[in-house]
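Open the model in your viewer, pick a cartoon view, and keep the selection box handy. We will go from stop to stop, selecting a few residues each time.

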Amino acid sequence: MLAGCALLLGLLLVLHSWITDRAGLGSLVETFLPWFGVCVPVLLAAALWRRSASAVVALLLPAVAWVSLFGGLLMDKSQAGGDLMVVSHNVAAENTDPAGTARQLAGSGADLLALEELSDQARGTYEKELARAYPHHTVQGTVGLWSKLPLSDTRPVDVLRDNVGPLGRERERRGDAPVDPPRALRTTVATEKGPLAVYVAHLGSVRVMPRGGFWTDSRDAGAAKLAEAVAAEKSERVVVLGDMNGTTDDRALAGLTSRLTSAQTEAGDGLGLSWPASFPMARIDQILLKGVTARSSWVLPETGSDHLPVGAWISW
C-alpha cells in the first residue's frame, strides 16, 4: 500500500498537466503542487517504520520529480545590483490601515510600485501618502502604478469576466454590459535606457463552490485577455505586475508564462510564497518579465493586507 501511494504521488507530480480541469480540479492541484512534497517524508517515515524496502524504492519517483520541479527554486539565485526596483502588492480592500501600508511600501525604495484591489475609500489615502516619494502615478479602476519616473500612453486593459460564470450568464440573458471598474492597466515608463511597458493586473478571484467545485472561470478569462494584450505589445521590454490569483504552475496562466519569465524563478531565493499573509501557501502575486532580466526577487514583510508584497530588481 505504501509503495502504491508513493507511485501515485510520483505520477501526480510528473503528470499533473494531464489531470482534468473539470470543476477546476487541475488548477487546484497546480496551485498547491509544491506542498505535495510534504507527503514524501511522511511516506518515508511510514516505510521505515514498516521496514518496507519496496516503498522506500518507490519513493524515489516522487522525490526526484519534486526536486526536478521545485528544487531549483530553493537555491538562492539573487545577484547584486539592478537598474530598477519594482514592487507589487494587493493592498486588500478591507485593509484597516492604508496609510500605514502606503508608508511601509514607500519605505521599500521601489522605483515602481503597483497596487491592486484599491477601494474608492482608500484611494485618496494612498495618493496622499505616496505623493512625496512618487511624483507620477496612474489609477485605473482598482489598480494603480506609482512611479519615480514619468509615465505616458496609459490605458485600461480589459481583463473583466464579461459573460463568464453565473453572473456573466445572467448579464448576457438580460443584455447588460459589465459594470465592473477596470482591473488592469498598461503604461509606458520613461527610463534612462528607453521605454518600458508596464502592466498592472488583478485577475478574477477563484471560489470554492459547493456544487461547482473550484470555480476559476473569471480568472481564466482574464488571464487569456491579459495574455492577448501582452502578445500584441510592441515594446521589446515588458513587465507584468499583479495579483494573478494563480501560480506559474497553473495551466490557466500558460498564455503569460509561455511569453514571460517569472522574476522569482529566475532570481529568487525560495518559493516566494505570498498568500495568505498569515501563513503563505501559494505565490499568486507575480512579477513577470520580457526583454529584461531579474537580478533578485523577494517577498516583503507583512502589511495590513492578506497578501504579502513581492519585489524584484531588474536590469537590461
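The tour below visits two sheets, then two pockets, and ends with a pair of cysteines. Keep in mind along the way that this is a predicted model.

**Stop 1: a sheet with β1 inside it**

Begin by colouring the open sheet of 6 strands that has the order β3-β4-β2-β1-β14-β13. Its pairing is mixed. As you look along the sheet, the twist from one strand to the next averages 15 degrees.

Which strands stand at the edges? Select 136–140 for β3 and 293–299 for β13. Each of these has a single partner strand, so one side of each is left without a neighbour in the sheet.

Stay with β3 for a moment and add residues 143–147, which make up β4. The two strands run antiparallel and are joined by 5 bridges. To see how they line up, show T138, which stands opposite L145 in β4.

Now move to β1 by selecting residues 84–90. Is this strand enclosed or open to the outside? In β1, 7 of the 7 residues are buried, so the strand is largely enclosed by the rest of the structure. Side chains in a regular strand alternate between the two faces of the sheet, and you can follow that here by colouring two groups. Put L84, V86, S88 and N90 in one colour for one side, and M85, V87 and H89 in another colour for the other side. The residues of both groups are all buried, leaving both faces of β1 covered.

Next, bring in the two partners of β1 listed here:

- Residues 310–315 form β14, which pairs with β1 in the antiparallel sense over 5 bridges. Look for M85, whose bridge partner in β14 is W313.
- Residues 112–116 form β2, which runs parallel to β1 and is joined to it by 5 bridges. Here S88 stands opposite A114 of β2.

**Stop 2: a sheet with β12 inside it**

Hide the previous selection and show the open sheet of 6 strands ordered β5-β6-β7-β10-β12-β11. This sheet also has mixed pairing. Its edge strands are β5, at 151–156, and β11, each pairing on one side only.

Try the β6 and β7 pair by selecting 184–191 together with 194–202. These strands are antiparallel, with 8 bridges between them. L185 is a handy marker, as it stands opposite V200 in β7.

Then select β12, residues 285–290. Of its 6 residues, 5 are buried, so β12 is largely enclosed by the rest of the structure. Which residue of β12 is the bridge partner of V240? Select L288 to find it. V240 belongs to the pairing with β10, residues 238–243, where β10 and β12 are antiparallel over 6 bridges. Turn to β11, residues 261–262, and you will find an antiparallel pairing with β12 over 2 bridges. L288 appears here as well, with S262 standing opposite it.

**Stop 3: the pockets**

Switch on a surface. Rolling a probe the size of a water molecule over the atoms shows where empty space is left.

To centre the view on the largest pocket, select S205, V206, N245, W275 and I284, which lie nearest its centre among the 19 lining residues. The pocket holds about 300 Å³ of space. Colour its lining by class and you should get 7 nonpolar, 7 polar and 5 charged residues.

For the second largest pocket, select F70, L73, T248, D249 and L271; of the 17 lining residues, these lie nearest its centre. The space here is about 250 Å³. Helpful landmarks are α5 (60–70) and α11 (263–267), the elements that give two or more residues to the lining. By class, this lining has 8 nonpolar, 7 polar and 2 charged residues.

**Stop 4: two cysteines**

How many disulfides does a search of the whole structure find? The count is 0. Select C5 and C39 and draw a distance between their sulfurs: C39 has the cysteine sulfur closest to that of C5, and at 9.4 Å it is too far for a bond. Both residues can be checked on the surface too. C5 counts as partly exposed at 36% relative accessibility, and C39 is partly exposed with a relative accessible area of 34%.

Terms used
Residues are numbered from 1 along each chain as its sequence is written. This is a predicted model: local features need pLDDT of at least 70, side-chain atom pairs count only at pLDDT 80 or more; totals for chains, interfaces and linings use all residues. Side-chain values use heavy atoms; hydrogens and water are left out. Two strands pair if DSSP finds at least two bridges between them. Helices (H or I, at least four residues) and strands (E, at least two) are DSSP runs, numbered from the N terminus. Axes are lines fitted to C-alpha atoms, for helices over the stretch in contact, and angles run from 0 to 180 degrees between N-to-C directions. A disulfide is a pair of cysteine sulfur atoms within 2.5 Å. Buried means under 20% relative accessible area, exposed over 50%, partly exposed in between (1.4 Å probe, protein chains only). On a 1 Å grid over the protein atoms alone, a cavity is a set of points where a 1.4 Å probe fits but cannot get out, and a pocket is an open set with protein on both sides within 12 Å along at least five of seven lines; lining residues have an atom within 4 Å of a point. Grid points are joined across faces, edges and corners, and a volume is the space filled by probe spheres set on the points. Ala, Val, Leu, Ile, Met, Phe, Trp, Tyr, Cys and Pro count as nonpolar, Asp, Glu, Lys and Arg as charged, and the others, Gly among them, as polar.
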